Amino acid sequence: MHFGWVLFLVGTNPRSLMHGCEFFAKLLQVIQKPPWLRAKIPGGPEYGKVRNLVQENRLHTVCESAHCPNLGECWSRGTATVMILGEICTRSCRFCVIATGKPNAVDWGEPARVADAVRIMGLKHTVITSVARDDLPDGGAEIWARTIRAVRHVNPNNHIEVLIPDFKGREESLNIVLDANPDILNHNMETVRRLQKPVRVQAWYDRSREVLQRAKARGFVTKTGLMLGIGEKEEEIEETLGDLAEMKVDILTLGQYLRPTPKHLPVDRWVTPEEFARWKDRALALGFGACESGALVRSSYHADEQSAKYTMVGKIRDGGEGTRK
Ligand code: SF4
């Protein structure tokens, strides 16, 4: 916005001028990213390898679809997060740039191609996610289960972390996924209770908690994540961490919200590295087993390291150490 327009809009009344200055300062703050948000530029041989693999296997990645700031770093390390069930989502979250609309028909050949891509990438820890498929009676649970089984069949020593939607709260769908035995069940709360409707639109705080609770009740390692800087207040973060700790969620990720396009919700504030460190300490004090907290942290960012404590002990849900029942 041109500065002249700002003056025109706020007028010359001292009070509105003051509000205008605050508005302008906030606008500048949001346009100019702080230095700790500079991400690596994509490039290098591993990056090219991942790109070719994704294209040749007709796969989608959340790295590309969600404009993830870590794409340069992750792909240069030879890792990517595959997004199954297409690239069109039936939901319209106001923080997410993935296209909303009528998805294509289910591609039953996808699980085999994902399994093969994981083999070629040589991953030891695979993170798979999907768009929400509220158009399907099972929400896509069957494809989820087939993908987990295919990846495990082709890569028997792989740790499989699934970042799933809420399946509209249908327990049968969640159970179809859990029956396929992923190593880590991740479902993101994304934000605090008050902001669920404006941020996630079709999702509910308690329905997401229920997903994590049900997985925990079946003995799975659970993981969730929150974006900070989207309008939440300090006491609301504290309340959310308390709720999740009470449910004995194992792994927590905290990262900075970044506005993908001007049509999406604005960034409310830049959370400093010191504040991220403080929330990490708080999460660990509340009893989370692991917490990754930093501006560029995303659910799948260095996911192998985030979950090492759990995956090192093998199939925790089958009675190993490390989980918080
Ligand atoms: S953080 Fe996750 S989504 Fe982002 S580039 Fe890395 S693997 Fe992809």
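How do the residues of the shell around the ligand divide into nonpolar, polar and charged? I took this as my opening query and counted 7 nonpolar, 4 polar and 1 charged. I note at the outset that the model is predicted.

**Entry: ligand shell.** I listed the residues that surround the ligand: Val 62, Cys 63, Cys 68, Asn 70, Leu 71, Cys 74, Thr 79, Ala 80, Thr 81, Arg 298, Ser 300 and Tyr 301. I then looked up which elements give two or more residues to this shell, and found α4 (62-65) and α5 (71-76).

**Entry: overall content.** I recorded 14 helices and 8 strands in the chain. The chain has 325 residues, of which 43% count as buried. I also looked at contacts between residues at least 6 apart in sequence, and 73% of these join residues at least 24 apart.

**Entry: the sheet.** I traced an open sheet of 8 strands with mixed pairing, and its order is β1-β2-β3-β4-β5-β6-β7-β8. At the edges I found β1 (60-61) and β8 (290-293); each has a single partner strand, so one side of each lacks a neighbour in the sheet. I followed β8 further and saw that it pairs with β7 (residues 251-256) in the parallel sense, over 4 bridges. Within this pairing, I noted that Cys 291 of β8 is the bridge partner of Leu 252.

**Entry: helix α6.** I placed α6 (residues 110-121) across β2 (82-84) and β3 (125-130), and its direction is at about 175° to β2. I next examined its packing with α7 (residues 141-154), where the axes are 8 Å apart and the angle is about 35°. I recorded this crossing as right-handed. From α6, the contact is made by Glu 110, Pro 111, Ala 112, Val 114, Ala 115, Asp 116, Val 118 and Arg 119. From α7, I listed Ile 143, Arg 146, Thr 147, Ala 150, Val 151, His 153 and Val 154. By class, I have 9 nonpolar, 2 polar and 4 charged residues in the contact of α6 with α7.

**Entry: helices α11 and α12.** At what angle do the axes of α11 and α12 cross? I found roughly 30° for α11 (residues 234-246) and α12 (residues 273-286), with the axes coming within 10 Å. The crossing of α11 past α12 is right-handed. In α11 I listed Ile 237, Leu 241, Gly 242 and Ala 245, which meet Trp 279, Arg 282, Ala 283 and Leu 286 in α12. By class, this contact has 6 nonpolar, 1 polar and 1 charged residues.

**Entry: Arg 193.** I located Arg 193 in the loop between β5 (184-186) and α9 (196-200). Arg 193 counts as partly exposed because 16 C-beta neighbours lie inside 10 Å. Beyond its neighbours within four places in sequence, I found Arg 193 in contact with Tyr 205 and Thr 240. I checked the separation from Thr 240: 47 residues in sequence, and 7.4 Å in space from C-alpha to C-alpha.

**Entry: positive phi.** I recalled that most residues other than glycine have a negative phi. I therefore noted Asn 181, a residue other than glycine whose phi is positive, near 65°. Asn 181 is in the loop between α8 (171-179) and β5, and with 15 C-beta neighbours inside 10 Å it counts as partly exposed. I also noted Lys 248, whose phi is positive and near 60°. I found Lys 248 in the loop between α11 and β7. Lys 248 is partly exposed, with 16 other C-beta atoms within 10 Å.

Notes:
Residues are numbered from 1 along each chain as its sequence is written. This is a predicted model: local features need pLDDT of at least 70, side-chain atom pairs count only at pLDDT 80 or more; totals for chains, interfaces and linings use all residues. A residue is near a molecule or strand if its C-beta atom, placed from the backbone, lies within 6 Å of it. Ala, Val, Leu, Ile, Met, Phe, Trp, Tyr, Cys and Pro count as nonpolar, Asp, Glu, Lys and Arg as charged, and the others, Gly among them, as polar. Two strands pair if DSSP finds at least two bridges between them. Two residues are in contact if their C-beta atoms, placed from the backbone, lie within 7 Å. Axes are lines fitted to C-alpha atoms, for helices over the stretch in contact, and angles run from 0 to 180 degrees between N-to-C directions. A crossing is left-handed if the near helix is turned anticlockwise from the far one by less than a right angle, and right-handed if clockwise. A residue is buried if 20 or more other C-beta atoms lie within 10 Å of its own, exposed if 12 or fewer, and partly exposed in between; C-beta atoms are placed from the backbone.
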